[in-house]
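Me: I've just opened this one and don't know where to start. Can you walk me through it?

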Amino acid sequence: MKCLLRLLLLLVLLTTKVSSQSYDFRHYQVEQGLSYNSVFSILQDSKGFMWFATKDGLNRFDGYNFKIFRNDPLDSTSIGSNVNFCLYEDPQQTLWVGTSKGLYQYNDTLQRFTLISGTRNKYIIDIMGDKQGHIYLLFDGQVHSFNKKTKELKLFSEKQDFRVSSMLLNVDNSLWVSTSEGYLKQYVTGYDNFRSFNLFNHSKSVNGHWIDRIYLTKRNSILVGTSHQGVKLFDLKSLKYKDILTYNPDQTAVFAKEFIHYEGDVYWFATESGIFVYDLSTGKYTQQKKDHDNPYALSDNAVYTFARDKEGGVWAGTYFGGVNYYPKPFTAFEKFFPGSGRFPISGNAVREITSDKYGNLWVATEDAGLNKISSAGKIQQFMPGPGEYSIAHTNIHGILAIDNELWIGTYEQGLDVLDIPTGKVIRHYDKGTGPTDIKSNFVESIYKTKNGLILLGTSNGLVSFNRKANSFLPVGGFPPNFHYMSLLEDASGTIWGGTIGNGLHYYNPITKEQGEYRMVSGDEGNISDNFINSLFIDRENTLWVTTENGLNKLDSKSKSFSKYGTKDGFPSNVFYRIEQDINGMLWVSTAKGLVSFDPKAVKQRIKVYTKASGLLSDQFNYKSSYLDTKGKLYFGSVTGMIAFNPSSFTTNTLSPNVYITGFQVFNKEISIDGSILTKSITYSDQVELDYDQSTFSIDFAALAYTDYETAQYEFKLEGLDKGYTHLDKNRRVFYTKLSPGTYLFIVLAANSSGIWSKEPTKLVIVISPPFWKTYLAYALYVFSLAVMTWFGIRYLDKRRLAANKRKVEALEYQKEREIYQAKADSFTHLITITQSKPDQVLLNKLNDFILDHLSDTSMDVDQLAESLNMSRATFYRKVKAISNLTPNELINITRLKKAAELLIHSDLKIQQIASETGFSSQAQFGRSFAKQFGMSPSEYAQNTLPQTEI
């Protein structure tokens with residue numbers, strides 16, 4: 001009986017499992033920059049940064065890059081342990097980190113950590129805070145309180161005679177804790193004791209009563225996660241509990257680790273067996289697990305922690321798989337691909353899509369046959385082979401449901417006609433040589449006109465099907481032998497046929513009007529390319545033509561085309577297929593994303609969706625789209641199919657905060673060392689650089705995570721840029737060799753819905769000039785110029801005065817020379833002219849004595865006077881009277897005259913001549929000679945001919 005009851009309970013639990021929603025996760029692991037794949041706690045701070053506490057380092061994430069904080073034994077301000085368990089941000093926006101070596105307070109301005117006294121080497125496994133600013137810590141199995149103002153750490157209550165495993169604060173600020181023995185306890189403040197509730201007393205007996213986590217719901221209840229009995233719900237009004245999720249589908253016990261509220265009555269349960277998305281009001285849930293074949297599934301089943309960001313996305317930390325992120329589906333795309341847990345279609349290269357009258361959706365692929373998706377979501381696959389559901393080929397290019405039949409055109413394997421109710425091929429057509437045979441086994445397109453005519457576009461012409469005769473005939477008005485890729489009938493009954501390489505052709509069976517459009521070089525009004533991919537007529541009866549090189553819109557009056565492409569804001573010039581939603585917007589698949597635009601204002605309202613928006617791939621496929629009766633759109637790509645209803649898209653109204661996250665000089669990140677930064681660049685208002693640091697780059701990030709790759713940025717550097725520069729991808733801007741000056745960097749960001757930042761982020765950048773370009777240097781230059789000018793003028797004045805002085809001295813010297821020469825000449829003439837006999841005898845004796853003693857440097861007036869038996873006074877008066885020369889002048893002139901003769905008529909050196917003529921030194925000789933003759937002895941010897949006499 002007990003076994004039967006257990007089986008019935010299990011069946012009830014299993015029947016409550018629902019799978020109405022697809023959950024696609026984005027993964028962040030060590031390969032993406034996470035420090036370690038074991039993540040114990042996640043938090044989004046008040047600024048918007050995501051924090052991940054891991055087994056090896058604390059991580060800060062901005063949506064693009066991870067900044068990792070690890071212990072550095074040489075840095076006392078680094079975090080004390082690499083093993084981080086829990087995170088908490090208080091109302092003052094201070095981050096607290098619980099580690100294996102204590103509690104640390106983080107200063108985000110200086111990027112420094114401080115150990116809280118009394119917690120050294122303690123395993124801090126949980127942190128929370130109350131409205132009064134107290135912080136509660138769980139370590140050593142006890143709750144402790146920490147007063148931030150007084151820095152006092154104490155045991156919360158002395159009545160804790162049990163081991164606490166988890167804690168929470170109720171809305172009334174009362175403390176609830178769980179124990180390792182399976183009790184939930186409420187602290188009663190007035191009595192300083194705990195009120196106990198046994199959470200296992202009316203449940204099936206299990207080996208362990210460990211409670212891993214308790215979580216306060218918005219329904220006045222507490223979710224309780226246990227190790228051996230799954231999830232329990234404790235009602236705070238009735239003070240009773242119930243088991244709400246006990247077993248996994250394989251009948252093993254659910255080990256619940258963490259909870260988070262998603263929306264309404266829906267809560268997420270983190271367990272060792274994946275995530276349960278649970279509706280408390282209905283008891284229904286879905287289980288999200290790791291799936292090796294599904295890249296969008298959870299990366300690991302051991303989920304330990306949750307966090308919900310400001311956009312509504314959920315972050316899940318796992319033990320082996322890093323971080324999993326489920327973004328809020330503002331643009332929800334269902335995914336159909338091989339390996340999908342929900343929609344596992346057979347192939348990747350999805351070609352045509354259509355529906356039948358039974359409500360089935362048919363999906364043809366080019367690599368794995370045909371898929372039928374029933375209205376209930378059941379998928380049946382059709383492949384070539386011996387089975388009863390065999391078709392001609394895996395490569396299918398055209399399908400169309402006609403009454404009870406599905407027509408299937410293949411690549412070079414002919415045409416199948418499948419009976420929809422039985423799923424069996426009832427007819428097959430191959431090419432033939434007869435007049436009523438199809439002329440090609442490559443059936444590219446299948447189309448039914450308003451009057452029921454079935455048209456087949458093949459690689460060798462366009463044919464129609466005659467059901468009565470079961471035959472095919474060429475369609476008049478269309479050139480034979482062309483490869484017809486796409487077929488369409490307009491409101492007037494005109495049939496349009498797009499070809500591969502031969503342009504667009506049309507024919508009206510009623511009016512017989514026919515024609516063609518081909519790409520002609522130089523003709524602006526013609527079609528953009530001759531490779532036609534598809535045709536579409538919108539609700540305004542306007543024909544649109546997609547090609548390999550542009551999107552074309554036909555003006556029926558002028559019969560000319562308007563052409564669109566990358567120049568108009570589209571991501572690619574390769575356009576595939578168009579659909580129009582219930583709001584009139586056109587959706588076109590391209591080689592680089594899915595695009596929606598307003599057909600009445602093409603260039604003004606273009607929105608591009610890519611893989612970053614939730615698509616399977618940016619590259620779509622030929623002729624692969626469909627609009628169902630409920631407004632749901634389907635588009636096929638090279639990696640599967642997506643489906644969505646544009647009316648379900650919502651706007652992400654969160655205005656993103658943009659922060660400067662990095663600053664590099666010559667590609668090297670600057671650190672907080674006081675040389676440039678005294679605090680984190682995120683909190684810096686101004687950066688001052690030297691003139692040789694004027695090549696730098698700036699990183700910034702909008703803290704919006706839903707579609708982070710579609711975030712847009714605008715920036716400018718005032719003082720250099722005239723206007724804003726728009727960025728779609730890169731988040732780093734570079735500036736090279738800027739001139740000294742003051743600049744203002746401004747950046748704004750927009751989220752995936754185009755909501756821009758309310759306020760721009762600004763950073764003042766001051767580039768100091770080199771010293772030689774500073775105001776002080778310019779002042780020194782002016783001062784130096786003035787001083788140099790003054791000295792220049794002084795110098796010129798001195799030169800002028802010196803020149804004048806030299807002129808005066810020269811005149812005086814010349815005058816003295818003339819006088820001296822006159823004396824010398826007069827002495828010479830004294831000997832030769834007629835004088836009194838005694839005077840002439842005296843002068844001859846005097847001249848002979850001087851010449852005889854010429855080399856005697858000591859010859860003086862006394863010797864001359866003694867040689868003539870005269871007193872010095874008498875001799876002086878006598879010589880002065882008859883020669884007008886003093887005795888010394890007479891000696892000197894005689895010496896110089898003799899020296900002049902020797903310079904010309906002898907080979908003696910100047911030094912020898914000076915000695916021969918009685919000069920004590922060559923220098924004395926040179927000065928005396930220059931004074932007498934106006935030049936040096938050497939110049940005299942060079943410039944005077946030998947025969948010259950003086």
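**Helices, sheets and pockets**

Reply: Start with α6 and α8, which are roughly perpendicular to each other (an angle of 65 to 115 degrees). The helices and strands here are DSSP runs numbered from the N terminus, with H or I over at least four residues for a helix and E over at least two for a strand. Keep in mind that this is a predicted model: local features need pLDDT of at least 70, side-chain atom pairs count only at pLDDT 80 or more, and totals for chains, interfaces and linings use all residues. Residue numbers run from 1 along each chain as its sequence is written, and side-chain values use heavy atoms, with hydrogens and water left out.

Me: At what angle do the axes of α6 and α8 cross?

Reply: Roughly 90 degrees, with the axes of α6 (887-905) and α8 (922-933) coming within 11 Å. Axes are lines fitted to C-alpha atoms, for helices over the stretch in contact, and angles between N-to-C directions run from 0 to 180 degrees.

Me: Which residues of α6 and α8 meet?

Reply: On the α6 side they are Asn892, Leu896, Ala899, Ala900 and Leu903, and on the α8 side Phe925, Ser928, Phe929, Gln932 and Phe933. Contact means heavy atoms within 4.5 Å. That contact has seven nonpolar residues, three polar ones and no charged ones. Nonpolar covers Ala, Val, Leu, Ile, Met, Phe, Trp, Tyr, Cys and Pro; charged covers Asp, Glu, Lys and Arg; the others, Gly among them, are polar.

Me: OK, strands now. What do β40 and β41 form?

Reply: A hairpin, with four residues between the two strands. β40 (461-466) and β41 (471-474) pair in the antiparallel sense over four bridges; a pair needs at least two DSSP bridges. Phenylalanine 465 faces phenylalanine 472 in β41, and asparagine 470 in the turn has a positive phi of about 50 degrees.

Me: What's the strand order in the open sheet with β42?

Reply: β42-β43-β44-β45, with antiparallel pairing. β42 (484-489) and β45 (514-517) are the edge strands, each pairing on one side only. On average, neighbours in this sheet are turned by 15 degrees against each other, direction ignored. β43 (495-499) and β44 (504-507) are joined by four bridges, and glycine 498 has leucine 504 in β44 as its bridge partner.

Me: And the sheet with β10, what order does that have?

Reply: That open sheet is β10-β11-β12-β13, also four strands with antiparallel pairing. β10 and β13 (152-155) have a single partner strand each, so one side of each has no neighbour in the sheet. Here neighbouring strands are turned by 25 degrees on average, direction ignored. Six bridges join β11 to β12 (142-147), including the one between phenylalanine 139 and glutamine 142 in β12.

Me: Switching to pockets. How much space lies in the largest pocket?

Reply: About 1600 Å³, counted as the space filled by probe spheres set on grid points that are joined across faces, edges and corners. A pocket is an open set of points on a 1 Å grid over the protein atoms alone, where a 1.4 Å probe fits, with protein on both sides within 12 Å along at least five of seven lines; lining residues have an atom within 4 Å of a point.

Me: What lines the largest pocket?

Reply: 44 residues, with Asp126, Ile127, Met167, Arg213 and Glu258 nearest its centre. They split into 26 nonpolar, eight polar and ten charged. β14 gives the most, six residues.

Me: Which residues lie nearest the centre of the second largest pocket?

Reply: Asp24, Pro327, Phe333, Lys335 and Gly614, out of 38 lining residues. This second largest pocket holds about 950 Å³ of space, and its lining has 15 nonpolar, 13 polar and ten charged residues.

Definitions and conventions. Angles under 35 degrees count as roughly parallel, over 145 as roughly antiparallel, 65 to 115 as roughly perpendicular and the rest as oblique.
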